[in-house]
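These exercises ask the reader to work from the shown model towards a picture of its cavities, a pocket and two helix pairs. Each task is followed by a solution in steps.

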Amino acid sequence: MITVAQAVVRCLEAEGVSVLFGYPGAAICPVYDALSSSSIHHVLVREEQNAAHAASGYARISGAPGVCMATSGPGALNLITGIATAYADSIPMVIITGQVSTELLGRDVFQEADITGAAEPFVKHSYLVKEPESIARVMKEAFYIASTGRPGPVLIDIPVDVQRVKIKFDYSFEASIRSYKPTLTGHQGQIKRMLAALKVAQKPLVCAGGGIFSCHAEKELCRFAEYFQIPVVTTMMGLGAVQTEHPLNFGMLGMNGQRSANVAVQEADLLILIGARVGDRAVATPGVLEKRTKIIHIDVDPAEIGKNVEVQIPIVGDAKIVLGQLLEKAEPMEHTRWLEHLREYRTAAVYRQASDRIDPKKFIATLSKHLRPDTIFVADVGQNQIWSAANCLLREGRFLTSGGMGTMGYSLPAAVGAKLASPEQQVVVTCGDGAFQMVMMELATICQEKLDIKIVVMKNNRLGMVRELQKNSYAGNYTAVFLDGSPDFGKLAAAYGIPSGSVNRPEEEETAIEQMLRTEGPFLLECLVDPEEASL
């Protein structure tokens with residue numbers, strides 16, 4: 001006989017969990033007590049939201065569900081932004097929260113919050129565990145739901161009295177949920193229709209989204225594009241699915257994307273969407289697109305197909321499997337004239353050459369050239385995200401950011417999770433001074449865990465994206481966008497024992513980047529940017 005709390009830890013171990021991110025409190029203390037004798041490494045973040053972001057970063061690099069944990073009430077509620085961020089980007093996570101005793105539920109007692117109700121719009125599923133004997137089934141189902149079909153977060157809320165109950169423990173069974181059977185293999189009839197459409201298309205185009213990474217289909221995507229000689233564009237979440245310098249990669253589409261990508265979307269006669277939801281940042285006028293272009297949509301989530309744009313050939317299934325099905329049945333094709341036409345719209349990046357200030361776009365390009373091929377590049381939200389997405393060179397590594405929710409403060413804790421998932425890979429963060437100040441307390445986590453993470457803070461003393469919006473859409477009526485009172489970031493880093501540097505002139509860039517990258521352990525580089533710098 002073991003307690004439910006001990007059973008939770010046993011389940012985590014059985015699921016292969018080696019790292020857990022969290023912040024303890026009274027209502028989750030029984031689980032923490034059991035965790036103390038486990039081999040699972042607990043990472044103490046400095047604020048609960050960052051536990052969820054760190055679990056997200058861990059999941060995106062490891063491929064397994066990230067796990068985070070917090071206490072009841074404010075601890076659990078602080079997780080919600082991180083949960084919503086993971087839900088928007090289809091990241092597999094299991095979230096465990098403590099809850100007040102079952103006899104006190106609904107009585108507004110100290111630190112009680114209906115976290116299952118509050119988080120309901122942002123989870124694939126949630127459990128409030130009232131029956132102690134159900135804990136093994138709940139844990140097994142949670143990991144199964146989180147990691148299958150369209151990945152996403154699953155929440156398990158456990159009252160503190162339930163955590164103390166002793167039960168017989170058995171985890172030697174398979175998850176089986178009658179109402180949950182994701183479709184993984186594409187329908188053969190739809191596969192045939194897609195191949196027929198490909199044969200007659202003169203200007204086919206693939207648009208790859210973050211779903212490519214969810215099912216680990218990067219190699220299959222590249223093989224598919226090369227086999228059919230089809231150009232590829234990506235959403236921001238799909239960046240890196242095809243290497244930046246691959247001849248068939250025509251860049252990121254959308255309002256902040258490359259001209260070559262947007263021209264390709266406008267002129268294509270067959271658009272193949274793979275693991276992309278056609279959000280407003282990627283396609284501003286889906287109604288116009290669907291009228292002029294035949295659209296095929298491959299997605300494991302049938303709810304996404306046709307939600308934002310009308311689709312002629314829907315294929316429900318795992319992209320890795322579906323692409324394999326297509327490659328088995330198809331004959332190679334060539335679209336030379338179409339590719340040559342699109343190459344005319346590829347333009348070399350042109351950077352400002354001011355002598356007294358940093359061009360952040362050029363800085364990102366320069367930084368990228370110095371990074372290892374397998375680098376994990378973690379961008380925050382705001383202007384720095386646009387500069388990074390448009391100018392970062394992606395080879396064998398990954399580009400992580402918050403796409404669907406656009407959550408400021410994502411990058412630093414996500415980088416913590418990414419580094420712990422793959423300690424041998426280089427991890428670099430770019431963030432604005434606004435986003436950095438939302439999560440700068442996580443420098444302590446980086447120090448405690450002795451993580452080699454390089455942090456670039458783009459400092460313009462502004463909430464740059466909002467300032468730009470106010471300039472362009474509100475006649476320059478700047479309101480609440482000035483970051484006066486910000487600390488000296490170099491001194492702040494020094495307070496944590498982290499070395500730092502600063503760069504504010506173009507001729508200093510190479511030296512500053514080289515210093516950062518050759519320094520062992522964490523490093524913070526402050527990059528001074530013109531407050532009037534635009535996103536594009």
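**Exercise 1. Describe the lining of the largest cavity by class, and then name its residues and its volume.**

Solution. The model is a predicted one, and the classes come first: the lining of the largest cavity has 6 nonpolar, 2 polar and 2 charged residues. The next step is to put names to these classes, and the lining residues are Ser368, Leu371, Arg372, Pro373, Thr375, Phe377, Cys392, Leu393, Leu394 and Arg395. Under the classification used, Arg counts as charged, and both Arg372 and Arg395 are found in this lining. Finally, the volume of this cavity is about 60 Å³, and a search of the whole structure finds 3 cavities of 30 Å³ or more.

**Exercise 2. Find which element gives the largest share of the lining of the second largest pocket, and describe that pocket.**

Solution. Begin with the pocket itself, which has a volume of about 1000 Å³ and is lined by 39 residues, with Gln258, Thr347, Ala349, Ala390 and Asn391 lying nearest its centre. Next, list the elements that give two or more residues to this lining, namely β11 (249-252), α12 (259-267), α16 (360-370) and α17 (383-391). Of the lining, the largest share comes from α17, with 5 residues. By class, the lining of this pocket divides into 18 nonpolar, 16 polar and 5 charged residues.

**Exercise 3. Determine how helix α9 is placed against helix α14, and which residues make the contact.**

Solution. Helix α9 (residues 188-200) packs with helix α14 (residues 319-329) at an angle of about 60°, and their axes are 10 Å apart. This angle makes α9 oblique to α14, and the crossing in which α9 passes α14 is right-handed. On the α9 side the contact is made by Gln188, Ile191, Met194 and Leu195, while α14 brings Val322, Gln325, Leu326 and Lys329. Sorted by class, the contact has 5 nonpolar, 2 polar and 1 charged residues.

**Exercise 4. Carry out the steps of Exercise 3 for helices α3 and α18.**

Solution. The angle between α3 (residues 48-62) and α18 (residues 411-421) is about 40°, with the axes 6 Å apart. The two helices are therefore oblique to each other, and their crossing is right-handed. In α3, the residues Asn50, His53, Ala54, Gly57, Tyr58, Ile61 and Ser62 meet Pro413, Ala414, Gly417, Ala418, Leu420 and Ala421 in α18. The residues of this contact divide into 8 nonpolar and 5 polar, with no charged ones.

Definitions and conventions:
Residues numbered from 1 in each chain as written. Predicted model: local features only at pLDDT ≥ 70, side-chain atom pairs only at ≥ 80, totals over all residues. Heavy atoms only, no water. 1 Å grid on protein atoms, 1.4 Å probe; cavity = no way out; pocket = protein on both sides within 12 Å on 5 of 7 lines; lining within 4 Å. Points joined across faces, edges and corners; volume = space filled by probe spheres on them. Axes fitted to C-alpha atoms, helices over the stretch in contact; angles between N-to-C directions. Helix = DSSP H or I, 4+ residues; strand = E, 2+ residues; numbered from the N terminus. Parallel < 35°, antiparallel > 145°, perpendicular 65-115°, else oblique. Left-handed = near helix turned anticlockwise from the far one by under 90°. Contact = heavy atoms within 4.5 Å.
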